[in-house]
Amino acid sequence: MSDPVLLTAIDGSQNALLAAAVAARFSRLLGARLGLVTSLHVAKDPLGFGGGLFSRDLTDRLLAEARLEAESNLRAVAERIEEHCDIGLPEYFLLEGDPEQEIPHLVQSLPETIMVVVGQRGFGTESKPRGLPHLLGGLGAKLSLALAVPVLLVPPDTNIDQLCSAVFCSDPS
């Protein structure tokens, strides 16, 4: 059996970086490989104006540019984690589609996944499942209902002194 995997969702928000710092610490403590996950989601109905607003060619070019930027961001976070957190270079997963659907597919395809770590608040916290507490991030709440592995929600006021804080710093130097 391969090493256990701990996944953390990266959306570019400061709270996602804080979650990555927590995940790096847990990864080290548990002897697990760390995986960084970003999901590129292109809305089928952009801005509510109907699906025909953008040509397929333009949508493909925007997605290709977003993919390059996301890969660059994931690589930068992975390198910071490797340099400052005393763990190996995290692998990263670039998914296409809705994160609350694609992350469970990834977890299912990686049976060695032992935990998913997400920021409690990120860029996608506006949509929350009905009936769940308001402070839960939309993605974290949905994943906690969909996954058969623990989902750790990292609040934005987590004490960074207890973490691999170099990941969280805005300045990578």
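**A helix, a strand and a surface patch**

In this predicted model, a good place to begin is helix α3, where Q108 and S109 are exposed on one side. On the other side of this helix the picture is the opposite, for the buried residues of α3, which spans residues 99-109, are I103, P104, L106 and V107. When one looks down the axis of α3, these buried residues fall within an arc of 155 degrees, and therefore they line one face of the helix. The elements against which the buried residues of α3 pack are the strands β1 (5-9), β2 (33-40), β3 (91-96) and β4 (113-119), together with helix α4 (138-146).

One of these packing partners, β1, deserves a closer look, since five of its five residues are buried. In a regular strand, the side chains alternate between the two faces of the sheet. In β1, V5, L7 and A9 are buried on one side, while L6 and T8 are buried on the other, so that both faces of the strand are covered. Strand β1 also pairs with β2 in the parallel sense, over five bridges, and within this pairing L7 has G35 of β2 as its bridge partner.

From these covered parts we can turn to the surface, where F26, L29, L30 and I114 form a nonpolar patch that has about 350 Å² of accessible area together. Helix α1, which covers residues 14-30, supplies the largest share of this patch, namely three residues. F26, which lies in helix α1, has a relative accessible area of 31%, and because this value falls between the limits of 20% for buried and 50% for exposed residues, F26 counts as partly exposed.

How values were computed: Residues are numbered from 1 along each chain as its sequence is written. This is a predicted model: local features need pLDDT of at least 70, side-chain atom pairs count only at pLDDT 80 or more; totals for chains, interfaces and linings use all residues. Side-chain values use heavy atoms; hydrogens and water are left out. Buried means under 20% relative accessible area, exposed over 50%, partly exposed in between (1.4 Å probe, protein chains only). Helices (H or I, at least four residues) and strands (E, at least two) are DSSP runs, numbered from the N terminus. The arc is that of the directions from the helix axis to the C-beta atoms. Contact means heavy atoms within 4.5 Å. Patches are made of residues with over 30% relative accessible area and no salt bridge: like charges are joined within 9 Å, nonpolar side chains (Val, Leu, Ile, Met, Phe, Trp, Tyr) within 5 Å. Accessible areas come from the Shrake-Rupley method with a 1.4 Å probe; for residues, only the protein chains shown count as cover. A salt bridge is a side-chain nitrogen of Lys or Arg within 4 Å of a carboxyl oxygen of Asp or Glu. Two strands pair if DSSP finds at least two bridges between them.
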